[in-house]
Amino acid sequence: MKVEPTIKYGCRAHSTSGEAFTLLTPGAYIQPTDDGRILWHILNYTPDEDQSKTYNAFAQAVTIWQPAFPSTITLDSTSNPDEAHIKLYFVNENHPQYGDIFDGEDGTLALGFAPVEDEPLKGYILMDDGENWGDMHTPNTKDLLTVFLHELGHTFNLGHESRVRDAIMYPSYSGEKRQIHQDDIDGIQSIYGQFGPPRPGTSQPSGCLSFLVPFLALFGGV
Ligand SMILES: [Ca+2]
Ligand SMILES: [Ca+2]
Ligand SMILES: [Zn+2]
């Protein structure tokens, strides 16, 4: 019998029990550009892994999410952080603003922030560089792609899905997950189906209770 480590992602979401996917903030979504793009940008890199491998893992995570969206929306990279809806940022313990958010190895791995206007870190994925990151899960490394997939879900406004262990939005990390689940797709369709034809069998948004820790004391550019 496999014992799952008690490593948790650090999103600040609560879900009601017995529902399907949850949303971090009902009604919130990323407004695509006029030509239908949702843009992402990598602000910095971890010293743990080759930059190209980290970049490729993030690009792959985006590619895995893409089919969940209507065909009118394209997830695309940008070299301009100011226009990016989603920004990836690695935080080490000495960081002047965010150094106290994380907890070293294990515990919280990363934080993903919903696209809500009053959230200073909206669209940010903060990665705990107290972890040892890698391009696969090993006893000594945590898998970048798996965590990117999960945190991207939060930046799209998905909350946790505690009932479906194979969902990428399941709250705990227990090794590699390299795909998203129908439940994750249904969640994206409930948010972004407004931008294109919904897929057959798309669920309605579930009610959910969520809150974001505002990190107001940490507000500022990075
Ligand atoms: Ca940690
Ligand atoms: Ca590290
Ligand atoms: Zn999470």
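Me: At what angle do H1 and H2 pack, and are they therefore oblique or roughly parallel to each other?
Reply: In this predicted model, local features need pLDDT of at least 70, side-chain atom pairs count only at pLDDT 80 or more, and totals for chains, interfaces and linings use all residues. Residues are numbered from 1 along each chain as its sequence is written, and chains are lettered from A and ligands numbered from 1 in the order in which they are written. Helix H1 (residues 51-65) and helix H2 (residues 144-155), DSSP runs of H or I with at least four residues numbered from the N terminus, pack at about 45° with axes 9 Å apart. Angles under 35 degrees count as roughly parallel, over 145 as roughly antiparallel, 65 to 115 as roughly perpendicular and the rest as oblique, therefore H1 and H2 are oblique.

Me: How many residues of the contact of H1 with H2 are nonpolar, polar and charged?
Reply: Contact requires C-beta atoms, placed from the backbone, within 7 Å. The contact includes Phe58 and Trp65 of H1 and Phe148 and Leu152 of H2. Ala, Val, Leu, Ile, Met, Phe, Trp, Tyr, Cys and Pro count as nonpolar, Asp, Glu, Lys and Arg as charged, and the others, Gly among them, as polar. The residues divide into 11 nonpolar, 2 polar and no charged.

Me: Which strands stand at the edges of the sheet?
Reply: Strands are DSSP runs of E with at least two residues, and two pair if DSSP finds at least two bridges between them. The open sheet of 5 strands has mixed pairing and the order E2-E1-E3-E5-E4. Each edge strand has a single partner, so one side is left without a neighbour in the sheet; these are E2 (74-77) and E4 (110-112).

Definitions and conventions:
Axes fitted to C-alpha atoms, helices over the stretch in contact; angles between N-to-C directions. Contact = placed C-beta atoms within 7 Å.
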